[in-house]
Amino acid sequence: MTVTACRMTRTTIYLAVLALSHGIAQAQQHGVQPAPVADAVPGEIQQVAVTGTRIRSAKLTSTSPVSQFTDADIALTRAITVEDFSVKLPQLAGGVNGTSAGSDAFGAQTLDLRNLGQSRTLVLINGTRAIPFGFRNAVDVNFIPAPLLKRVDVLTGGAAAVYGADAIAGVVNFVINDKFQGLQTSANYRRAADGGAQKGVNATGGMALGDKGSIVGYLEVTERDRVLAGDRSFAGLKPTLRPGAGGNFVDVASGRAFSYTDAGQFTSAKQSTDFTPGYTLVQPLKRVNASTFFSYELSDAVEAYGRLMYSRVNTVGAPTTGQAPALLSGVFSINQNNTSIPAAVRNELTFVGGVARVQVDRSLGELGVITIDNERDTYQVQLGARGAVTRNINWDVYVQSGRSAESLVVHGDALKSGGAALVNRTNIFGPGADVSSIAQDFDYGDRVRKQFVSAATVSGDSSDAFKLPAGPVGFALGVEARRETGDFAYNPALALSFNQAAVSAPTAPPSFRAKEIYAEVLVPILANQPLIQNLSLEGAVRRSFYSKSLGADKAYTTDKVGASWTVNDDLRLRATKQSVIREPNMGEYANPVFSIPFNLLVTTARLRPRYQGDPCALGTGDAAQCKRFGAPAPGSYNSLDAAVLGGGYFFGGNPDISAEKGDTRTVGIVLTPTFAKGLSLTVDYYSIKLKDAVGQVQPVDALTSCYITDPRADNPLCQAVTRDPATGRIKDAYPVDRNLAFIKQEGFDIDASYKQNVPFGLPGKKISWQYQAALVKSYSIQKNPVLDPIDCKGRYGFRCSSDAVSLVAPAYRHRASMAWDFDAVTAQLGWKRVGKVKDSTVGSTESIGAQDYVDLNFSLRPSIAGLTVNVGIDNLFDKQPPMPANAAIFNTYPDTYNVLGRSLGFTVTYKR
């Protein structure tokens with residue numbers, strides 16, 4: 001079908017829906033006159049806001065499937081940060097979290113729906129956009145105060161026609177309790193059995209402003225301890241060794257080699273040191289959150305409302321180049337008159353003209369491991385006004401401004417240029433040298449992201465003008481304008497350090513503007529008919545105009561068609577079909593191409609999955625293809641030796657990158673059988689098809705494709721990794737952002753709950769059962785149109801990561817719980833399962849079995865009015881993380897599997 005034909009078809013759909021509503025009104029109302037328009041009376045008819053639509057109506061059921069995590073669930077889990085409970089939601093993959101030391105998110109926590117990537121998940125606060133950070137469109141949800149949440153809605157499938165770009169995998173809407181009344185204080189503490197604590201205090205106050213409105217204030221202080229790899233036995237089982245802290249030395253003239261052990265003993269054996277125990281496994285966090293929400297009736301027809309949210313988050317993690325100490329490496333001139341040279345060393349050196357040339361390979365362990373501090377200040381201000389046009393039609397306008405500012409400082413590095421002087425200033429032979437003369441902290445740089453949004457919506461239903469036999473027609477019409485800017489200033493002095501590479505910022509601050517108009521309509525077709533209690537159709541369309549600081553201006557149309565069929569009180573069916581888009585984020589279209597040393601892909605644990613060696617040298621590559629590209633013979637060199645990988649790893653943005661486009665479909669069933677009071681079951685099928693997906697072809701993917709799975713001379717991925725023309729060894733890699741081919745996923749979401757009276761005369765009042773599951777039916781990624789798609793259903797590893805962040809994609813996850821209510825106690829047993837996954841590495845037969853985590857929680861309500869005590873044990877059976885051969889960092893996948901072990905915690909809350 002041509003583009004023109006598609007547009008005509010979509011236009012026809014919307015015109016047909018509107019015509020249908022008008023025709024039914026004219027043909028079936030039999031002369032009934034429209035109801036008179038009533039005076040505007042705010043609040044006379046309660047309007048219902050539902051995630052997945054902007055239509056507000058007194059009677060509204062969503063065609064889009066939405067799962068919820070309630071405030072009661074949050075309280076029972078004793079959550080302070082969003083991460084505390086988001087890891088339990090089956091629809092969410094790992095994303096960036098507290099274990100992601102070394103990520104360029106620098107301490108943030110992001111959300112990733114269905115392993116489709118953090119930039120494809122739209123995060124909302126009370127239905128409007130949250131402020132992103134850095135150069136991506138991801139949101140640091142540390143900004144959101146978990147104790148103040150009323151619920152969290154997770155919408156399955158795309159929602160671009162309703163909320164705009166980025167809502168490809170779905171939407172996570174954090175609904176704040178902005179109508180809180182009273183005063184509540186809370187203290188929280190949690191500690192893992194093997195070390196690592198989190199604690200916080202918060203206070204919430206809310207009051208009525210006469211009979212005109214209300215105001216809510218919230219203040220919170222949270223602190224999370226640092227957990228080192230040395231605190232967990234699994235993290236150090238396969239250490240990454242570095243040149244010893246005592247040093248390895250070679251007298252260049254004679255070739256004599258000698259070393260010092262970490263204990264300071266002279267030896268001829270080459271030494272290495274494992275610094276892993278000092279690496280950060282869980283990043284420490286200090287956070288202050290302050291928020292206020294208000295609403296106030298300015299007149300009988302107008303209500304003002306707004307919010308001010310502020311967060312300061314301090315974290316200590318690792319720079320993207322890793323945590324290993326600085327390495328003093330090279331040939332240095334040692335002066336004969338250097339009195340600090342030990343006698344044993346002096347006997348090994350050859351002095352010519354009073355100078356000995358010495359090859360030095362020595363970790364500067366005296367400086368400790370390298371860390372990076374990040375202070376992220378985030379605020380968002382929203383001011384709006386709303387009112388009633390009629391009893392059933394409302395208007396709403398708001399402006400929203402936000403800013404996220406990061407200041408980063410690297411600790412533990414040193415001035416590389418100082419090495420030549422250092423070797424003659426102190427005794428570098430052996431551990432414990434005084435290296436303070438070259439030690440230096442480096443300002444990494446500052447990253448600022450700003451967002452300004454203005455929007456106006458008119459929504460309601462047609463009750464004041466006409467009603468169809470099945471009810472009034474719901475609608476929403478609106479406009480939205482959004483401007484976002486980034487200012488990324490990196491310190492050029494980073495290039496003077498041992499371990500940091502110079503980071504290039506865009507030549508001009510990147511920015512983009514989006515101007516959008518949108519419309520939604522909900523048409524009730526039939527009601528109170530045999531087998532049709534209610535049948536309604538829903539349509540939405542959005543026209544978006546984008547202009548960026550780099551690249552051509554673009555315009556897009558996204559749409560949605562949905563249907564909801566309530567058969568009776570027991571059964572409802574629903575379905576949607578939507579088109580979605582995602583414009584490239586600032587990093588993808590504006591970042592310049594810059595590089596880090598290729599050998600960091602071997603020495604830095606976080607980067608190691610991106611390169612698994614040269615297939616030709618390993619003997620796993622096709623012999624003819626290896627010969628065609630001039631590769632050396634199998635076994636001729638160690639392609640995982642950092643010393644022979646002297647090239648660069650070049651990455652960055654691409655101004656020619658285009659938008660991702662796709663389609664999503666959902667079909668669901670909702671069962672609330674009257675014969676089983678208290679039972680609710682929803683099953684929703686979803687399908688997400690995304691073309692021109694933005695991503696990077698990493699060296700491991702390019703080499704595997706070129707030399708193993710598709711060894712053709714014209715395989716385009718062969719150009720993504722080059723070889724040294726003289727030696728044939730691996731040289732450079734070019735994983736620049738580009739439009740790949742497609743990502744496709746389909747599966748099912750299941751949400752079941754059942755509430756019953758306690759049976760068999762047992763003590764207690766109620767028992768509540770809950771089960772939420774995400775099942776993936778198929779998941780494939782095609783990284784280039786000429787290549788075969790990769791089957792990623794139930795896989796782990798870099799090859800099946802859509803964004804190089806979430807690395808485990810199980811075909812099944814669930815969260816199940818049973819809560820038993822007594823008069824003064826609620827006991828809850830929770831069970832989280834992460835299904836079995838297979839290694840995505842070509843040729844591997846390894847797998848990780850299903851992992852089960854059990855939590856036990858109690859909510860105690862003493863006789864003191866307003867006092868609640870929640871206590872619980874997470875990971876009750878102290879389940880340790882799996883340790884596959886092909887692991888990410890610390891011998892496992894911390895983004896998915898619990899690395900803390902069993903932890904005990906409590907929350908004390910008092911409200912009056």
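In the predicted model, D166 is buried, with a relative accessibility of 6%. This residue forms a salt bridge with R129, in which the closest N and O atoms are 3.3 Å apart. Because R129 belongs to strand β3 and D166 to the loop between α4 (160-163) and β5, the pair ties together parts that lie 37 residues apart in sequence. R129 is likewise assigned to the buried class, since its relative accessibility of 8% falls under the 20% limit.

The strand that carries R129, β3, belongs to an open sheet of five strands with mixed pairing, arranged in the order β1-β4-β5-β2-β3. Strands β1 (66-70) and β3 (128-129) occupy the edges; each has a single partner strand, so one side of each is left without a neighbour in the sheet. Within this sheet, β4 (residues 149-156) and β5 (residues 170-176) are antiparallel and share seven bridges. In this pairing, R151 is placed opposite V175 of β5.

The model contains 38 salt bridges. One of them joins the side chains of R582 and E588, with an N to O distance of 3.1 Å; both residues are buried. A further salt bridge, also listed at 3.1 Å from N to O, connects D732 with K731. Here the accessibility of the two partners was evaluated separately: D732 counts as buried at 8%, whereas K731 is partly exposed at 33%. Salt bridges also link R78, D84, K88, R190, D855 and D874 in a network.

Within that network, R78 has a backbone feature of its own. Although R78 is not a glycine, its phi is positive, at about 60 degrees. The residue lies in the loop between α2 (71-76) and α3 (82-86), and its relative accessible area of 2% places it in the buried class. A positive phi near 60 degrees is also found at F760, another residue other than glycine. F760 is located in the loop between β36 (742-757) and β37 (766-782). In contrast to the buried R78, F760 counts as exposed, with a relative accessibility of 78%.

Strand pairing also connects segments from distant numbers in the chain. Strand β6 (residues 182-192) runs antiparallel to β47 (residues 903-911), and nine bridges join the two. N188 has T907 of β47 as its bridge partner. Strand β47 is additionally paired with β46 (residues 867-874), again in the antiparallel sense, through eight bridges. In that pairing, V869 faces V908 of β47.

Strand β22 (residues 442-461) likewise has two described partners. It pairs antiparallel with β21 (residues 393-411) over 18 bridges, and 17 bridges join it to the antiparallel strand β23 (residues 474-490). K450 of β22 stands opposite R403 and also opposite T485 in β23.

A second open sheet of five strands has the order β13-β12-β11-β19-β18, with antiparallel pairing. Its edge strands are β13 (266-267) and β18 (327-335), each of which pairs on one side only. Strand β18 and strand β19 (residues 355-363) are joined in the antiparallel sense by nine bridges. The bridge partner of S329 in β19 is D361.

Charged residues also gather on the surface in patches of either sign. A patch of negative charge comprises D441, D443, D446 and D487. Of these residues, D446 is situated in strand β22 and is partly exposed, at 37% relative accessibility. A positive patch is formed by K577, R665, K689 and K744. K577 is situated in strand β27 (residues 571-582), and its relative accessible area of 36% likewise makes it partly exposed.

Terms used
Residues numbered from 1 in each chain as written. Predicted model: local features only at pLDDT ≥ 70, side-chain atom pairs only at ≥ 80, totals over all residues. Heavy atoms only, no water. Pairing = 2+ DSSP bridges. Helix = DSSP H or I, 4+ residues; strand = E, 2+ residues; numbered from the N terminus. Patch = residues over 30% accessible without salt bridge, like charges linked within 9 Å, V, L, I, M, F, W, Y side chains within 5 Å. Areas by Shrake-Rupley, 256 points an atom, 1.4 Å probe, with all protein chains shown as cover. Salt bridge = Lys/Arg side-chain N within 4 Å of Asp/Glu carboxyl O. Lys, Arg positive; Asp, Glu negative; His and termini not counted. Charge placed at Lys NZ, Arg CZ, Asp CG, Glu CD. Buried < 20%, exposed > 50% of the residue type's maximum accessible area, 1.4 Å probe, protein only.
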